[in-house]
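Grab a pencil and keep the sequence and the 3D view open side by side. Try each exercise yourself before you read its solution.

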Amino acid sequence: MLGFLSRFVDSNERELKRIQPYVDAVNELEPEIQALSDDEIRARFLALRDQVQEAAIPEEPSEDELHHPDLERRRELAKARRQRDVEAIQDALDEVLPDVFAMGREAMRRTLGMRQYDVQILGGVVLHQGKIAEMKTGEGKTFLPTFAAALNAMAGRGVHIVTVNDYLARRDPQWMGPVFHFLGLSVGMILGQQSDGGAASYVFEPGYPTNDERLINLRPVTRREAYAADITYGTNNEFGFDYLRDNMVTDVAERVQRERFFGIVDEVDNILIDEARTPLIISGQAEESGDLYYTFARLVPRLKPRPEGEEEGGDYFIDLKDRAVSPTEEGVDKIEQLLKVDNLYADDPRLARHFEQALRAHALYQRDRDYIVRDGEIVIVDEFTGRQMPGRRWSEGLHQAIEAKEGLRVKRESVTLATITFQNYFRLYDKLAGMTGTAMTEAEEFHKIYQLEVVAIPTHRPMVRDDETDLVYRSETSKFNAVIEEIEAMTAEGRPVLVGTTSVEKSERLSDLLKRRGIKHEVLNAKFHEKEAPIVAQAGRSAAVTIATNMAGRGTDILLGGNPAGLASEILHKRGLNPAEVDKATYDAAFAEAKAITDAEHEKVVSVGGLHIVGT
């Protein structure tokens, strides 16, 4: 095992050494680029773009590819030609990489006041090469795709940056938009349908008028226009659903997506491994009566589960490993008596199916863990991220069974019209890259399924995080008491605390215990989904306590001392002003006031040891 690890570390070191000359070349060009004016940088970028696009002219299909009698052979030839095109573009982009990254770094310095570190440049090169960059939490992954996207956008075939939620799909292009705009690149974004029914796609346009602070510098456009931009941000769900919808149109002109040339996936382990087999399904409605669902929802709770650890007895038993439930013969007999039928599996084929789904809904799916009830509807909670997934429904009658169990109106079942898994969708890209804080553990799977290599990027400064050993308690009560004592001790020192819980139910229980102790805190779970950004943005303030369900894929930055932009918005709202409508001088004054507060708190939080994280 140790031999394997040492070989792995050696190969990672070799990879980093192979990429280092690109970083050195970017650093050498920095003084030269700094001496140029804004217009000169833009002109230089556009000249290089023309050079790349000459190399990107696709090869014409051969006679064989067009007319060979064997369809499989024609497909092979088309695939080989496409591969040659991609390789030609990659070679052309490799040539201009140092220039583009150096211009991007200067553009970021002039527009955002930030300069990318060498390790971030290193990560950007890894993404451009179609690999996965593993970067520790807090090292600035948000900046990684910026230059790789700008470079690949030069080919004129579009770049997709895939995030895990609508908040990030809107925040990241707003944040990085000025850099792309400086270089003369257009930026689009596609979001899920908004709760107010508003437009779900935008392009970045500085100064576009709006009274919604979430949409500053964003102009509503059609889906097709957002995809036509040089770089398009969106969630994995939206990219996948748009692909399915494009395959259902009756006229090619109605398609919204362009080709899938280069995709950069954020939280790549979550999307390409954890959710790889998750099917995206577009459904139509089928005819089905809801009466049977209510009947079984009333009868199934009368069944008794098999006692834990027993091999016999009970009306049904649960297999936790496979998340399955099966009735025993006694259970089937009891249901047949209650229904007054001789044979559940022979009398009416619908009975067995409804029984199976009602049993699953009763035994396996818990309210406030697997779903929540909101406005008379079942809203699924993502098991990986703890997020609400409005609009998604379980298939095969399970969703209807849960609606009946909760006493809600049962909606008609659906029939599948189009479906694809994330795994199959993302394998359609000519070049795929990704970034995350945890990829090495799945490196073998990435290689087998997607032919993706993982490169661990070193930290900018030596790692000082103290990873303490796990503590195990005999009961949940004693565990939660210990957590509360730890929270009290940390907040007394002025340290912010982030507590992770496994479900909505657990987060609310912990919240109740904290209220009894009089400890001020914020709760972030599927029920308070809309408050996520402001809660996490201020989770790094001195003595702040934040309870959150599973944080995988949330991606919102926790700044020690708090987020000055978020605090500035708060200050303006308290004065009765809308941050999206105030003039620049008013906003700058509020930002300066917020920055003074967060800077002072930053010093305080760092001096007492930084953010304290407790996993429960």
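**Exercise 1.** Decide how Glu259 counts at 31% relative accessibility, then find its salt-bridge partner.

*Solution.* Start with the cut-offs: buried means under 20% relative accessible area, exposed means over 50%, and partly exposed is in between (1.4 Å probe, protein chains only). At 31%, Glu259 therefore counts as partly exposed.

A quick word on what you're looking at: this is a predicted model, where local features need pLDDT of at least 70 and side-chain atom pairs count only at pLDDT 80 or more, while totals for chains, interfaces and linings use all residues. Residues are numbered from 1 along each chain as its sequence is written, and side-chain values use heavy atoms, with hydrogens and water left out.

Now the partner. A salt bridge is a side-chain nitrogen of Lys or Arg within 4 Å of a carboxyl oxygen of Asp or Glu. Glu259 forms one with Arg157, and their closest N and O atoms are 4.0 Å apart. Glu259 sits in the loop between helix 9 (236-246) and strand 7 (262-266), and Arg157 in the loop between helix 6 (144-153) and strand 2 (159-163), so the pair ties together parts that are 102 residues apart in sequence. (Helices, H or I with at least four residues, and strands, E with at least two, are DSSP runs numbered from the N terminus.) Arg157 has a relative accessible area of 7%, so it is buried.

**Exercise 2.** Which parts of the structure are tied together by the salt bridge of Glu377 with Lys411? Do the same for Glu488 and Arg517.

*Solution.* The closest N and O atoms of Glu377 and Lys411 are 2.7 Å apart. Glu377 is in strand 12 (residues 377-381) and Lys411 in the loop between helix 14 (398-405) and strand 14, so this bridge joins parts 34 residues apart in sequence. Glu377 is partly exposed at 38%, and Lys411 is partly exposed at 27%.

On to the second pair: in the bridge of Glu488 with Arg517, the closest N and O atoms are 3.0 Å apart. Glu488 belongs to helix 17 (residues 476-493) and Arg517 to helix 18 (residues 504-517), so the bridge ties together parts 29 residues apart in sequence. Glu488 is partly exposed at 33%, and Arg517 is partly exposed at 38%.

To put these pairs in context, the structure holds 39 salt bridges. Glu30, Arg105, Arg115 and Asp118 are even linked in a network of them.

**Exercise 3.** Where do the buried residues of helix 2 fall when you look down its axis?

*Solution.* First, check the length. Helix 2 (residues 38-55) has 18 residues and reaches 27 Å from its first C-alpha to its last, close to the 26 Å expected at 1.5 Å a residue (the expected span is 1.5 Å times one less than the number of residues).

Next, pick out the buried residues: Ile41, Phe45, Leu48, Arg49 and Val52. Seen down the axis, they fall within an arc of 110°, so they line one face of the helix (the arc is that of the directions from the helix axis to the C-beta atoms). An α-helix has 3.6 residues a turn, so residues three or four places apart point the same way.

Last, look at the face turned away from the buried side: it carries the exposed residues Asp39 and Glu54.

**Exercise 4.** How many of the 11 residues of helix 9 are buried?

*Solution.* Go through the helix and you'll find buried residues including Asn236, Phe239, Gly240, Tyr243 and Asp246. The full count is 9 of 11, so helix 9 is largely enclosed by the rest of the structure.

**Exercise 5.** Say what is unusual about phi in Glu267 and Ala543.

*Solution.* Most residues other than glycine have a negative phi, and most peptide bonds are trans. Glu267, although not a glycine, has a positive phi of about 45°. Find this residue in the loop between strand 7 and helix 10 (268-274); at 15% relative accessibility, Glu267 counts as buried. Ala543 has a positive phi too, near 65°. Look for Ala543 in the loop between helix 19 (532-537) and strand 19 (545-549), where it is partly exposed at 32%.

**Exercise 6.** Which residues does Thr598 touch, not counting residues up to four places away in sequence?

*Solution.* Locate Thr598 in helix 21 (residues 584-607). With a relative accessible area of 3%, Thr598 is buried. Using contact as heavy atoms within 4.5 Å, its list is Gly561, Gly562, Asn563, Pro564 and Leu567.
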